[in-house]
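Good morning, and thank you for making time for this presentation. I would like to take you through one model, sheet by sheet, and then turn to its cores and a few individual residues.

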Amino acid sequence: QNQVAGLDAWARRGIDFDLWWIDAGWYPCYTERQQRRYVMWGTWKPDPERFPNGLRPVAQRASGYGADLLVWFTPEGVRAGTQIHQEHPEWLRPIRHAEFVAKWVASQTSREDYILDLGNPEARQWITDHICKLIRDNGITVYRQDGGFDVASWWRANDPADRQGINENRYVQGYLQFWDDLLARNPGLWIDCCGSGGRRNDLESMRRSVPLHYTDFGYGDHPVKLSFQHVLFEWLPYFKEGSQSWDVTGRQERFDRRVDSFSYHCALSPMLMPCIDIRRDDYDYDLLRKMLGIWRQAAEIILNGDYYPLTPNHRSPQEWVARQFDCPADGRGFIQGIRLPACPDDTIAIRPRGFRSDVTYRLVNPETHDTRELTGADIQRDGFTLACPKREGAIWFYRAKTGR
């Protein structure tokens, strides 16, 4: 009921959305004290208490608003007492968590953790069939795979002296085959490679997936996330950002205290998640709709255009960040400047790329509605000056007028 209510609330606010995201904890996940904790993984089915008809009613409601359904999984992890542990203990190997989550997980439940050995063809085939059925039955479009397990320690401890690396070899083959089969058997499926916050952004994984959650660090720390983006735009161009702003309150908070245009400038990426509590009435929803409209205009250019970082990579709140995305085939793109909170300079002069000297360009700032017309020769000679107050951003969309 609360999933459907949330979907309806976004639509009621007049906000178009593309994806409904259900993260960890949708399955039966009860501890020995009958507390619901998402770390109780290993029974992969919708919790019948909360989802008596599965997740398909949520997917159908989302589809009615033009949105797809994303669902979180971590199929490699198995807790004692869950379905896989009870039915197929022969497929499991004792495992521990990566150190950064081990203490937290231990505080949630005392049950043992195991890894499902994807190097075992029988285990891999079972989990493939099982999850394919869940995808079909529940209308899942984006399969999100997490995992913070120290698999390497099991690999190393169980390799014979004359066969070092064999467990890793077989496991990785099984992991990649599992993903290949999910994609082949579910046309149109996306895989989101979460990997416990960006710990699986290797080339083979990225050939099959996108890193919607590229890190577990610095969601609302603007200089840090902009530094991450500087590199991601060069190598892994499709990823998700959120609108969190921790500098507003000085605390690491899950939801935004207010809708803040600066936060959306810092979150401009191919996928954007507004981190608001949709149940609240006191947000500036007009501003939210405006910033999402700007994001939609920019997102397709970000994904398909050439990327030019116009300032060096840094993590300083005392500097500007400037960047450009240019689509040379049709003479359009945008230039963006972000003045970080402690930056003393009111303006920054940049040297955009890709402008043809014999072409006139019309540039529009969608927030201020200012317009400029400049030739490529003007821009090549004089550069382009961005100006805004501290803790603000400026974006200029441009399009060629003549000479194409």
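Let me begin with a definition: two strands are taken to pair if DSSP finds at least two bridges between them. With that in hand, consider β11 and β12, which run antiparallel and are joined by eight bridges. Please keep in mind throughout that this is a predicted model.

Within that pair, C327 stands opposite R332 of β12. The hairpin formed by β11 and β12 has four residues between the strands, and G331 there takes a positive phi near 65 degrees. On its other pairing, β12 is joined to strand β17, residues 392-400, by eight bridges, and these two strands also run antiparallel. Here I338 is the residue opposite G393 in β17.

How buried is β12? Eight of its eight residues are buried, so the strand is largely enclosed by the rest of the structure. In a regular strand, side chains alternate between the two faces of the sheet. For β12, both faces are covered: R332, F334, Q336 and I338 lie buried on one side, and G333, I335, G337 and R339 are buried on the other.

Let me now place these strands in their sheet. Six strands form an open, antiparallel sheet in the order β10-β11-β12-β17-β14-β15. The edges are β10, residues 306-309, and β15; each has a single partner strand, so one side of each is left without a neighbour in the sheet. On average, and ignoring direction, neighbouring strands of this sheet are turned by 20 degrees against each other. Helix α10, residues 222-235, packs on the sheet and touches β10, β11 (320-327) and β12 (332-339), its direction making about 140 degrees with that of β10.

Towards the β15 edge, β14 and β15 pair in the antiparallel sense over five bridges, with L363 opposite R372 in β15. The loop between β14 (360-364) and β15 (371-375) holds H369. This residue has a positive phi of about 70 degrees although it is not a glycine. Is H369 buried or exposed? With a relative accessibility of 61%, H369 counts as exposed, since the cut-off for that class is over 50%.

A second residue invites the same inspection. Q34 is not a glycine, yet its phi is positive, at about 60 degrees. Q34 lies in the loop between β1 and α2 (56-64), and it is exposed, with a relative accessible area of 58%. As background, most residues other than glycine have a negative phi.

I turn to the other sheet. This is an open sheet of four strands with parallel pairing, ordered β1-β2-β6-β7. At its edges are β1 (19-22) and β7 (190-193), each pairing on one side only. The twist averages 20 degrees from one strand to the next. Strand β6, residues 142-145, runs parallel to β7, and four bridges join them.

One residue of β6 deserves a closer look, namely Y143. It stands opposite I191 in β7. At 0% relative accessibility, Y143 counts as buried. Leaving out residues up to four places away in sequence, its contacts include V71, F73, F178, W179, L189 and W190. As for its relation to the antiparallel sheet, Y143 is 250 residues from G393 in sequence and 34 Å from it in space, C-alpha to C-alpha.

Next, the cores. In soluble globular proteins, nonpolar side chains tend to be buried together. The largest nonpolar core here has 88 residues, and W26 and W44 touch the most other members. Helix α12, residues 285-304, gives the most to this core, with ten residues. Beyond its neighbours within four places in sequence, W26 is in contact with W44, P46, F51, L55, W72 and L134, among others. Apart from this core lies another, of 19 residues, with Y308, F355, V359 and F384 among them.

Finally, one helix pair. Which angle do α1 and α2 make where they pack? For helix α1, residues 2-12, and α2 the angle is about 5 degrees, with the axes 10 Å apart. That makes α1 roughly parallel to α2. On the α1 side, Q3, V4, L7 and D8 meet V58, R61 and A62 of α2. By class, this contact has four nonpolar, one polar and two charged residues.

That concludes the presentation, and I would welcome your comments.

Terms used
Residues are numbered from 1 along each chain as its sequence is written. This is a predicted model: local features need pLDDT of at least 70, side-chain atom pairs count only at pLDDT 80 or more; totals for chains, interfaces and linings use all residues. Side-chain values use heavy atoms; hydrogens and water are left out. Axes are lines fitted to C-alpha atoms, for helices over the stretch in contact, and angles run from 0 to 180 degrees between N-to-C directions. Buried means under 20% relative accessible area, exposed over 50%, partly exposed in between (1.4 Å probe, protein chains only). A nonpolar core is a set of buried Ala, Val, Leu, Ile, Met, Phe, Trp, Tyr and Cys residues joined through side-chain atoms within 4.5 Å. Contact means heavy atoms within 4.5 Å. Angles under 35 degrees count as roughly parallel, over 145 as roughly antiparallel, 65 to 115 as roughly perpendicular and the rest as oblique. Ala, Val, Leu, Ile, Met, Phe, Trp, Tyr, Cys and Pro count as nonpolar, Asp, Glu, Lys and Arg as charged, and the others, Gly among them, as polar.
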